[in-house]
Amino acid sequence: MNGWEPVIGLEIHVQLKTRTKMFCRCENVWGEEPNTRTCPVCLAHPGTLPVPNKTAIEWTVKLGLALDCEIAERALFHRKNYFYPDLPKGYQISQYDVPLCSEGRFVVPGPDGDREIGIVRAHLEEDAAKTIHVGGAAGRIHGAEYSLVDFNRGGTPLVEIVAKPDVRSGEEARRFLQLLRQTVIELDISDAEMEKGSLRCDANVSVRKAGEEGYRTKTELKNMNSFKFVADGIAVEVERQIARYQAGEEVMQQTLHFDPQTGTIAPLRSKEEAHDYRYFPEPDLVAVAPPADMVERARAEIGELPAARIRRLEAEVDLDLAYGLVTSGRDALYARVPGDDRRAVANVLMNQLAAAGVDPAAVDGAELGRLVAARETIPRQTFLDALGASADPDFTADPYLAETTVSDAAALDPVIDGILAANPGQVEAYRGGKEGLLGFFVGQVMKETQGKADARVVNERLREKLNA
Amino acid sequence: MIDTLRLTAEDAAGLLERGEASGDELAGAYLDAIEARDPELHAYLHVVGEQGEGVPIAHKDVITTKGIPTTAGSKILLGYTPVFDSTVAARCKEAGLPILGKTNLDELAMGSSTENSAFGPTRNPWDPERVPGGSSGGSAAAVAGGLAPWALGTDTGGSVKQPASLCGVVGLRPTYGTVSRYGIVAFASSLDQVGPLTKTVRDNARLYEIIAGQDPCDSTTVELPEPVAIPEGEDLTGVRIGVPKEMNEAEGIDPGVSASVNAAIRLAEELGADVEETSLPRSVDYGLACYYLVAPAEASSNLARYDGVRYGHRAAVDGDLTALYARTRWEGFGAEPKRRILLGTYALSAGYYDAYYGQAQKVRTVIAREHAAAFERFDVLVSPTSPTVAFRIGEKAENPLAMYLSDLLTIPANMAGLPGLSIPCGLSDGLPVGLQLIGPQFSENALFRVGHALERALGFDFVPERLR
Ligand SMILES: [Zn+2]
């Protein structure tokens, strides 16, 4: 960065998985036939009125508490006015100067310790409908032949979280998002799936000289739909801005789109450019006063937050493994698995057990601990088979532990010799410099021994014999 | 032979109860009257003529009725047939009141003469050269002209009270929040209320009883603190009546109007009321100006949904989205909605919000406090409903400000969310004069009581002289 500091402010939208929409009783579901989940209210027929979804309010309060926010005693809904076909009323019911949650913070453990990211606000609003532009360039309305609107998503509850510009790198943004996602999943209020759009992230990016006061011009990176794209997009934009400043050029305020395929950034023709939204308090709704018992109930439902668990785990494994365990929801099982080699336990959980696709919640920790402890002494295939079965009811490690690896050189040498004798051509090639053929010989031995040979010993013996 | 000009809704109910007329005969008498006189009056936009066993009713055409076109007097809603009933229409249906038809109004309830209707003006049954008032002019004219035993209107700045006054009938604007707005084509959400137009105060109380009460579809409604009492007494002993100086001496009040109102006030005294002068200086000084910021601001947002995308008028446009919006709205809205959309958009714009909309909301609080202070000393405040009797068609059509002054005396109580009852109290130049009774929140029963006693003592003949 040679003296430049990135300044990143994240705006995250979380779609709540309430049974019904925010202001009507239509079912809140994803992936149904277009325009089958609509009613006069969410289609903005004349005279219809919004009725707030109490669950959505309670869940927003719960999320606000998890973000250490202050909960407003009387929050207000406002109208955000603009014309677009995805907005049937011509305004979106959102929140403005008195959101449900404000002034919070979210701790993101990082390589240099905990980073505290300020939360400006978390507010509740209704989502827009989905527009599909047919013909023209890249699914944009500009130049489209015609556009279709699917109102199924219109009016579904959405929480917008605005973080302070405290994030300092694309990687940190990714960690922030992963933790936030895990938090809303544990609160059981959203699917938070970026591919489906139930978790969306925009980033305001600027850079400044280290030690510089104030902020320079920022750009807005829109709709990055995976954690990796968030990290990559921000990194690319930060580099672009630094390069401009270093070339003596300015950075223009604009909305940008990151193309993950090419790794490039291009300006986005946006419906939201230079708008005056004419916010005013929504006269069809009264102030939202979350009752004290509701706030307390919500508070009681919040468990230990992912960040705190990562901090605990980091002492036993490392930061990446700790993130992996916690943000994959595997840390509860990790805690139930005994064993002195904690890194080994974590690695098995994150790699082989994850690959086996079993439900971590159904696994008996003690039995899994026995397997992990024996992972070097039983055949690899046996180990993997055991992991695959570890979530079965009444699973026990015993039959798998009975099968031991053949690591005795005396037992393996005849097999190895046989293999070498049967493949003179390959032996010749190896000795001629094609050392990559070692894997071939290992594979043959494993096949011969039905996977029971100790791979380390086989490797050693093969090298010795081939190099002799 | 049923004399629909003379028959009150209670009379009509009596005929049905005693079996002296069937529901069909009763409705038939009104349909005959409509056929005879509506070509001249044009009180109705659609005659429906439902069959039923109850006292039939007419609905202002902003009241959404399932399966019956609802135009709000605007071309923008041509071709729109609602798929649901407004709460008030549903309650009337449950009470067994068949719909005679939908009545004319100023376009989107914006106006004070019904001349702004996109479908031509309604004429005053007392003098067809004159307006019936507005915006609920069709409903008022229908009741006065014997074309409906009772009708519903809506009142934002005086749209029930003022036409009741000009047509010599009884009109109630209820306390904000007592009658559901669900299914009422919205003009200004924080001011709109549905109210009954009837020949007598007792009829009015009966219709109010049918429509009032909390509605889960309208978050701004509340449960009535006490049941509706149908008024019976004829004395006013102990009733404290305040006469706000500014509202009774305002510039522009016709001398004939003042004379009738003063006579009614003296009569109240004779009936035992304590009458005393009082003052509401700021309410009258600022009420109108404040109203013409708040109402257009909300209207500019409420009317945004008429974009030609989902229902109603859509301009034949080959071109882009903005052109579709612009052309549709240019063709669909008349001059008055356009004027108010512009006013309201301006009042909400960035940089002007605080000075206009924000300031108007503060003034609104001042007006409410001023009224609340007056109601510490008085049960009811009285004034003329309208400064003038019915004016000539076309007389104010070219001068919006002169037209706006028609609501000078009805607006202050509306801004404060207070109920107001207009009862006819005499004639000036052969045209009806209305007396406005204003009470504190939820004082409808007191207004009915005072209105009923005065109505009996005044002996006003609600049948237009030329039709007797
Ligand atoms: Zn809906």
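User: Which residues of α12(B) meet α9(B)?
Analyst: This is a predicted model, in which local features need pLDDT of at least 70 and side-chain atom pairs count only at pLDDT 80 or more, while totals for chains, interfaces and linings use all residues. Residues are numbered from 1 along each chain as written, chains are lettered from A and ligands numbered from 1 in written order, and side-chain values use heavy atoms, without hydrogens and water. Helices are DSSP runs (H or I, at least four residues) numbered from the N terminus, and contact means heavy atoms within 4.5 Å. On the α12(B) side, the residues met are B:Tyr356, B:Tyr357, B:Ala360, B:Gln361, B:Val363, B:Arg364, B:Val366, B:Ile367, B:Glu370 and B:His371.

User: At what angle do the axes of α9 and α12 of chain B cross?
Analyst: Axes are lines fitted to C-alpha atoms over the stretch in contact, with angles from 0 to 180 degrees between N-to-C directions. The axes of α9 (residues 281–302) and α12 (residues 354–374) of chain B come within 9 Å, and their crossing angle is roughly 140°.

User: How far apart are the C-alpha centres of domain 1 and domain 2 of chain B?
Analyst: An automatic or database assignment sets the domain bounds, giving domain 1 as 9–281 + 365–467 and domain 2 as 282–364 in chain B. Their C-alpha centres are separated by 26 Å.

User: What area is buried between these two domains of chain B?
Analyst: Buried area is the accessible area (1.4 Å probe) that two parts lose on being put together, summed over both. Carbon and sulfur atoms give 62% of the area buried between domain 1 and domain 2 of chain B, which is about 3,200 Å².

User: Which residues of domain 1 of chain B lose the most area to domain 2 of chain B?
Analyst: Three residues together account for 23% of what the domain 1 side buries. They are B:Ile76, B:Tyr404 and B:Met415.

Key:
Helices (H or I, at least four residues) and strands (E, at least two) are DSSP runs, numbered from the N terminus.
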